[in-house]
Amino acid sequence: MASKSPIVPLITPYKFGIFNLSHRVVLAPMGRLRSYNNVPQPHAILYYSQRTTNGGLLISEATCISPTTAIGYTNIPGIWSKEQIEAWKPIVDAVHAKGGIFLCQIWHAGRVSNSGFQPNGQAPISCTDKGLTPQLLSDGNVTENTPPRRLTTDEIPQIINDFRLAARNAMEAGFDGVEIHGAHGYLVDQFMKDNVNDRTDEYGGSLENRCRFPLEVVKAIAEEIGAERVGIRLSPFANYNECEDSNPEELGLYMVNALNNYNILYCHMVEPRMKTFWDKIDCPHCLAPMRKAFNGTFMVAGGYDREGGNNAVVENRADLVAYGRWFLSNPDLPKRFELDAPLNKYQREMFYTFDPVIGYIDYPFLEDNY
């Protein structure tokens with residue numbers, strides 16, 4: 001009698017709110033820069049469908065909520081126009097045809113932008129007027145950012161409404177829900193972190209005030225599409241885009257406790273090991289207080305491999321584990337994890353090119369190697 005294969009913790013079912021997942025390996029949101037003129041392209045149909053499994057969860061690349069100040073990079077997709085909604089539909093349909101669950105990550109870059117992306121060449125907006133120093137990206141390029149304009153208190157409700165409308169548009173495009181991008185130094189994160197937010201109104205100063213904007217975004221979206229379809233990504237320990245907090249443990253714990261008031265589907269937390277692109281630390285239990293406090297699904301990301309992801313599930317440090325670079329370079333990553341098969345190496349130099357094929361949809365599947 002043949003022995004049974006050992007159970008792989010990452011390849012076990014999970015009840016994800018109203019959804020049923022067949023495994024816990026999640027496609028992380030990754031900027032792809034292949035959406036020309038901010039419109040999703042047909043090649044994205046193959047990119048996402050390649051990485052879809054029956055009962056698998058995918059999170060889209062960061063998707064801009066509006067053309068007025070939200071854009072921070074070239075060729076990123078948007079979800080503010082009818083053209084963009086219609087362009088997303090066949091991509092979402094391809095994921096659903098293979099039994100996948102697909103969430104749209106909605107995003108505002110805030111001060112991580114420059115006047116060239118803004119209407120009439122105006123300044124980007126943020127919670128502050130403090131600018132960024134030139135940023136060295138992971139691909140070795142340097143990006144210049146225009147000093148931002150500080151949002152007035154009266155302008156903030158309009159930005160919140162932009163997030164709400166983007167969530168509505170995502171549902172019209174067929175997505176199963178949205179993830180609010182509250183990480184890595186973009187607008188939502190800028191409001192939360194005390195080394196960026198220097199406001200003196202009700203959106204600055206105390207921890208409660210700094211978290212007011214992200215929580216108002218969560219509330220607006222939950223009321224628009226239902227809390228059971230809403231998640232948020234947070235990176236309290238990170239210092240991407242010069243956005244750091246003096247007490248990340250307190251910030252993370254405050255946010256998850258506050259999020260419990262809205263009964264959202266999940267919290268997606270970036271591990272402290274990914275402080276910046278190059279500054280990695282080993283801190284496997286730093287998120288434990290947030291994990292324990294949050295009532296919904298707890299997803300983690302940040303430099304995980306197969307063993308690390310399995311351990312996170314076994315030790316109850318996470319329900320789901322999101323993979324970026326390894327899922328990019330291995331479209332059949334769940335299968336490879338199940339079989340403990342070798343992984344394709346990723347092509348870092350092709351992460352942020354505009355090529356519709358190379359480093360995007362040309363990574364081989366496991367069966368292609370035999």
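The exercises below concern helix packing and nonpolar cores in a predicted model.

**Exercise 1.** Describe how helix 3 and helix 6 pack against each other.

Solution. Two packed helices are described by the angle between their axes and the distance between the axes. Here the axes of helix 3 (residues 156-172) and helix 6 come within 9 Å. They cross at roughly 35 degrees, and the crossing is right-handed. Next, list the residues that make the contact. From helix 3 they include Ile 160, Phe 163 and Ala 167, and from helix 6 they include Phe 213, Glu 216 and Ile 221. Finally, sort the residues of this contact by type: eleven are nonpolar, none polar and four charged.

**Exercise 2.** Is Glu 216 buried, partly exposed or exposed, and which residues does Glu 216 touch?

Solution. Start with the location: Glu 216 belongs to helix 6, which spans residues 212-225. Buried means under 20% relative accessible area and exposed means over 50%. The value for Glu 216 is 27%, so Glu 216 counts as partly exposed. Beyond neighbours within four places in sequence, Glu 216 is in contact with Ile 160 and Tyr 203.

**Exercise 3.** How many residues does the largest nonpolar core have, and which helix gives the largest share?

Solution. The largest nonpolar core has 95 residues. Among those with the most contacts inside this core are Ile 106, Phe 163, Phe 213 and Ile 221. Helix 6 supplies the largest share, eight residues. Take Ile 106 as a case: leaving out residues up to four places away in sequence, Ile 106 touches Phe 163 and Ile 221, among others. Another core, of 16 residues, lies apart from the largest one and includes Leu 21 and Met 299.

Definitions and conventions
Residues numbered from 1 in each chain as written. Predicted model: local features only at pLDDT ≥ 70, side-chain atom pairs only at ≥ 80, totals over all residues. Heavy atoms only, no water. Helix = DSSP H or I, 4+ residues; strand = E, 2+ residues; numbered from the N terminus. Buried < 20%, exposed > 50% of the residue type's maximum accessible area, 1.4 Å probe, protein only. Contact = heavy atoms within 4.5 Å. Core = buried A, V, L, I, M, F, W, Y, C linked by side-chain atoms within 4.5 Å. Axes fitted to C-alpha atoms, helices over the stretch in contact; angles between N-to-C directions. Left-handed = near helix turned anticlockwise from the far one by under 90°. Nonpolar A, V, L, I, M, F, W, Y, C, P; charged D, E, K, R; others polar.
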